[in-house]
Amino acid sequence: MIQSSRNVKMFSALCCLLYFASYLTRINYGAIIAEIVSAKDILKSEAGIVSTVSFFTYGVGQILSGVLSDRFNARRILLMGVFTTAVINIAMPFCRTITLMTLLWGINGFVQACIWPPMAKIMAQNLTFYDFKKLSINITMSASVATMAVYVAAPVIIRVSTWENVFFTSAGVTLVISVLWCAFTRGMKSNGERVSKDKTAKMPMRLWFTSGALFSCVVLVFVGILRNGITTWLPSFMVESFDIGNAAAILTTAVLPCLAVLSTKLVGYIYMRFIHDEMVLATLLCVVMLLSCAAAFLWQESIVFCVSALAVITAAAYGANMILTALLPPYYSKYGHISTVTGVLNSMPYVGATISSWGIAKISESEGWSFTLLLWGATALAGVVFCAANMRRWSIFRKNTIKGDTDEL
C-alpha cells in the first residue's frame, strides 16, 4: 500500500498518462477511418471490418487478461501490452492490403486488452478503496482527453502531412510515457496474490446473477453500441449527410470527447457527492441517452442540433461506461478476482462496438442514416429497461458488501 500522499498523486498521474497513451494507440484508426477509405479507395464496410476485428479481440482479450492478471505479475502483463501496441502502430502505415491491416489491428486489440485489468489489480494492491475510486474516475477522464487529442490532432497532422503520421505520433507518445511509468513502478506490488485478506475467498458463479453483474454486462453492450458506433461513424455521417470534407468532419467530431471529459467530471462529482448508488446513476444516464436519440432523429436535418444531440449521447455513454466498468469491480475484491471482474465488464462495451462497427456501416449503406438513428434510439431504450431492472438487485448486493467489509475493500 502506498503511504505517502505525494507518491499516491505521482502514481495516479502516471496511470492516467499511461491510459491516455494507450487510448491514442487504440482509437486513432477510428479517427482517420474516413481518410483511409478515401486514400485506399475502399468501401466503408471494408474499413469497418478492421475496427470490428479489433473490438472483438479487445473484448476477448479483456477476459483472458483479467484472469491472468489475478494469477501472475500484473505489471509485466501491462508493460507487454503498451510496448506491443506502440510497435503495431509503427507497423500499420506499411500495410499494403486491408487484410494485413485487419490482422495487425486485431492483434492490437488483444494487447490493448492487457492494460486496464492489470492496472486495476495494481491499483487495488497499492491504493485505498477511496483512492481507487478517485483514480478510476480520473483515468476515465484521461481516456476522454485522449479521444479529444486524437480527433483534434488527426486532421491537423493529415493537413500538414499524411494519415500515416497519425500512427507514428501515437506510438512515439506511448513509448515515452510507458518508460516513465515503468521506472516509477519498479518494485511496486503487482504479483498474483489476491487483493482480499481472505486468501481462500472465491467468487461463486451465482454471484454474477444475484449481484446484478450479468445485467450490467448487458447494459454495457448497449453502451458500447452507442458510444463506439457514434464515435467511429460520426465523421462519415457528417460527410454523407451534410456534404463537408473529411478533415472538417473529423475536427468537428472533437466535440464528442470534449463533452465526454465534462460528462466524466460531472458524473464523478455527482457520484462522490450525491448519488452513491452506481446503478441508479447509470439508469439516469441511459435515460439521457434515450432522450438525446429522440432529439437527434427529430433534428437530423440540422447539423448543429443533430451533432449536438449525438454528442450528448456519447457523453452520457462515457459516464455510464465509467460507472459500470470502473466503479463496480472494487465491490468484488473480497473474492480476490478484481481483475477478472474488471476484464469481463470492460469487454462488454466492445461486444457492442464489434456489432456497431461493421453493422452500422452495412445498415447506413443499405438503409440510410435516418434508420440508423432509429436503431440507436431502440438501443438506448433497451439500456434503460435493463439498467432499471437491475437497480434493486445491485442495491441489495452493494449494501451487503459494504456492511462490515469496508476496510477489506
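Which side chain makes a polar contact with the side chain of Ser211? In this predicted model, the partner is the side chain of Tyr332, at 2.8 Å.

**Around Ser211**

Let us start with the setting of that pair. Ser211 sits in the loop that connects α9 (207-210) to α10 (213-242). With a relative accessibility of 0%, Ser211 counts as buried, because the cut-off for that label is under 20%. Setting aside neighbours within four places in sequence, the residues in contact with Ser211 are Tyr332, Arg393, Trp394 and Phe397. Tyr332 therefore appears both in this contact list and as the polar partner of the Ser211 side chain.

**Two bent helices**

Next come helices α1 and α15, set side by side here.

| Helix | Residues | Expected span | End-to-end C-alpha distance |
|---|---|---|---|
| α1 | 5-31 (27 residues) | 39 Å | 37 Å |
| α15 | 338-366 (29 residues) | 42 Å | 43 Å |

For α1, the expected span follows from 1.5 Å a residue, and the distance between the end C-alpha atoms agrees with it. The helix nevertheless has a kink of about 35°, centred on Thr25. Its N-terminal end is capped by Ser4, where a side-chain oxygen lies 3.3 Å from the backbone nitrogen of Arg6. Most of α1 is covered, with 20 of its 27 residues buried.

For α15, the end C-alpha atoms are likewise separated by a distance that agrees with the expectation at 1.5 Å a residue. This helix bends by about 35° at Gly359. It is mostly covered as well, 22 of its 29 residues being buried. After α15 comes Gly368, which has a positive phi, near 95°.

**The nonpolar core**

Which residues touch the most other members of the largest nonpolar core? They are Tyr29, Met289 and Leu310, in a core of 131 residues. Helix α10 supplies the largest share of this core, with 15 residues. Leu310 gives a good view of the packing: leaving out residues up to four places away in sequence, Leu310 touches Ile230, Leu234, Phe237, Leu256, Ala296, Leu373 and Trp376.

**Tyr151 in α7**

Helix α7 (residues 129-160) holds Tyr151. At 1% relative accessibility, Tyr151 falls under the 20% limit and so counts as buried. Its side chain reaches the backbone oxygen of Thr231 at 3.0 Å. Arg76 is 75 residues from Tyr151 along the chain, and the C-alpha atoms of Tyr151 and Arg76 are separated by 31 Å.

**Cysteines without disulfides**

How many disulfides does the model contain? The count comes to zero. To count as a disulfide, two cysteine sulfur atoms would have to lie within 2.5 Å. For Cys16, the closest cysteine sulfur belongs to Cys15 and is 7.1 Å away, which is too far for a bond. Cys182 also has its closest cysteine sulfur in Cys15, here at 13 Å, so this pair is too far apart for a bond too. Are these two residues, Cys16 and Cys182, buried or exposed? Cys16 counts as buried at 15% relative accessibility, and Cys182 counts as buried at 19%.

Notes
Residues are numbered from 1 along each chain as its sequence is written. This is a predicted model: local features need pLDDT of at least 70, side-chain atom pairs count only at pLDDT 80 or more; totals for chains, interfaces and linings use all residues. Side-chain values use heavy atoms; hydrogens and water are left out. Helices (H or I, at least four residues) and strands (E, at least two) are DSSP runs, numbered from the N terminus. The expected span of a helix is 1.5 Å times one less than its number of residues. The bend at a residue is the angle between axes fitted to the seven residues ending there and the seven starting there. Buried means under 20% relative accessible area, exposed over 50%, partly exposed in between (1.4 Å probe, protein chains only). A polar contact is a pair of N or O atoms within 3.5 Å; within protein, one must be able to donate a hydrogen and the other to accept it, and residues adjacent in sequence count only if both atoms are side-chain atoms. Contact means heavy atoms within 4.5 Å. A nonpolar core is a set of buried Ala, Val, Leu, Ile, Met, Phe, Trp, Tyr and Cys residues joined through side-chain atoms within 4.5 Å.
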